[in-house]
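Let's take a friendly walk through a protein model, starting from its inside and working outwards. Keep the structure in view as you read, and pause to find each residue as it comes up.

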Amino acid sequence: MTPEEIKQPGNIVACKPRLLNDNTMHYCPGCSHGVVHKLVAEVVEEMGAEHIAIAIAPVGCAVMAYNYIDIDWIEAAHGRAPAVATAVKRLNPSRLVFTYQGDGDLAAIGTAETIHAANRGENIAIIFINNGIYGMTGGQMAPTTLEGMVTSTTPYGRNVELNGHPLNITPLLAALPGTCYVTRQSVHTAGAVRKAKQAIRRAFENSLQGKGTSVVEIVSTCVSGWKMTPAQANKWMEEHMFAAYPPGDLKSVQ
């Protein structure tokens, strides 16, 4: 197909989202963040919401999310994204407001902000990247680190007696009256990517429709922290992460 033919309506099979800019991403090869960034950019573009979207960037691997997706971003202190999003949405109720957070950001230092925003039913969407480790700061144990999982701070594996149980926070959020949609997805296969995109779209629509808090957990890989190749990491995730964090909808209120 010639370049002229590609430009014709209906001929494009796949292309880079217009809102995903040309900056080189800092994520490790095989990281799930890049795929989720692409989905966020696609959904915002397809909804025609680029001029009303306000996203809250975290502290963690996705700290520079604002550098890749061409919408308005606000940088929040570590874990405070839901609190900042609450203020933004209340002051601008017609805007699409969402946070983009990792497990250390959301389920550790940001536990209180996350739970209370969801309990109040703030009309925001939360995208939650769960790779079971602190990826940016050296691969330490995170709240979501699995029992027996090796990290830089648990070199012999997570010991429940010493380190406590993994924190499965998404079901806790689903149990709160303020959440309207809570789902757990992944992006390791083409089919999973399609489901994750549908989930993100629904969460964003809920924000605009004022239905309450939506949470989209993406069970992800960390090839550097896990010390694996991308293929090995995907296989390990299917065999171990999915057992603790099974994909699927946890709550869906129409």
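The paragraphs below visit the nonpolar cores, the aromatic rings, the cysteines and two individual residues. Keep in mind that this is a predicted model.

A good place to begin is the inside. In soluble globular proteins, nonpolar side chains tend to be buried together. Here the largest nonpolar core has 36 residues, and Phe98 and Phe204 are those with the most contacts inside it. Several elements give two or more residues to this core: helices H2 (32-47) and H8 (190-209), together with strands E1 (53-57), E3 (96-102), E4 (125-130), E5 (179-186) and E6 (213-219). Helix H2 gives the most, with 6 residues. There is also a second, separate core of 19 residues, and among its members are Ile56, Ala76, Ala118 and Leu176.

Now zoom in on Phe98. Is this residue buried or exposed? Phe98 is buried, because its relative accessible area is 0%. Leaving aside neighbours within four places in sequence, Phe98 is in contact with Val40, Ile54, Ala55, Ile56, Ile71, Trp73, Ala125, Ile127 and Phe204. Try picking out these partners one by one around the ring.

Two of those partners lead us to the aromatic rings. A pair of aromatic rings is described by the distance of the centres and the angle of the planes. The count for this structure comes to 4 aromatic pairs. In one of them, Trp73 and Phe98 meet edge-to-face, 6.1 Å centre to centre and with 75 degrees between the planes. Trp73 lies in strand E2 (residues 72-75) and Phe98 in strand E3, so this pair ties together parts that are 25 residues apart in sequence. Trp73 also counts as buried, because its relative accessibility is 17%, which is under the 20% limit. Ring pairs link Trp73, Phe98 and Phe204 into a cluster. A ring can have a charged partner too: the charged end of Arg202 sits over the ring of Tyr181, 4.3 Å from its centre.

Strand E2 also holds Glu75. With a relative accessibility of 39%, Glu75 counts as partly exposed. Not counting residues up to four places away in sequence, Glu75 touches Ala57, Pro58, Val59, Val63 and Tyr66. For a sense of scale, look from Glu75 to Ala190: these residues are 115 apart along the chain, and their C-alpha atoms are separated by 31 Å.

Next come the cysteines. A disulfide is a covalent bond between the sulfur atoms of two cysteines. How many disulfides does the structure hold? The structure holds 0 disulfides. Cys31 is in no disulfide, and the nearest cysteine sulfur, that of Cys61, is 6.3 Å away. Why does Cys61 not bond to its own closest cysteine? The sulfur of Cys61 is 6.0 Å from that of Cys222, which is too far for a bond, because a disulfide needs the sulfur atoms within 2.5 Å. Cys61 counts as partly exposed, at 25% relative accessibility.

Our last stop is Thr144, found in the loop between E4 and helix H6 (160-163). Although Thr144 sits in a loop, Thr144 counts as buried, at 1% relative accessibility. The side chains of Thr144 and Asn130 are joined by a polar contact of 3.1 Å. Beyond its neighbours within four places in sequence, Thr144 is in contact with a set of residues including Asp103, Phe128, Asn130, Arg158 and Tyr245.

How values were computed:
Residues numbered from 1 in each chain as written. Predicted model: local features only at pLDDT ≥ 70, side-chain atom pairs only at ≥ 80, totals over all residues. Heavy atoms only, no water. Core = buried A, V, L, I, M, F, W, Y, C linked by side-chain atoms within 4.5 Å. Buried < 20%, exposed > 50% of the residue type's maximum accessible area, 1.4 Å probe, protein only. Helix = DSSP H or I, 4+ residues; strand = E, 2+ residues; numbered from the N terminus. Contact = heavy atoms within 4.5 Å. Phe/Tyr/Trp six-rings, centres within 6.5 Å; stacked < 30°, edge-to-face > 60°. Lys NZ or Arg CZ within 6 Å of the ring centre and 35° of its normal. Polar contact = N/O pair within 3.5 Å; in protein donor to acceptor, adjacent residues only side chain to side chain.
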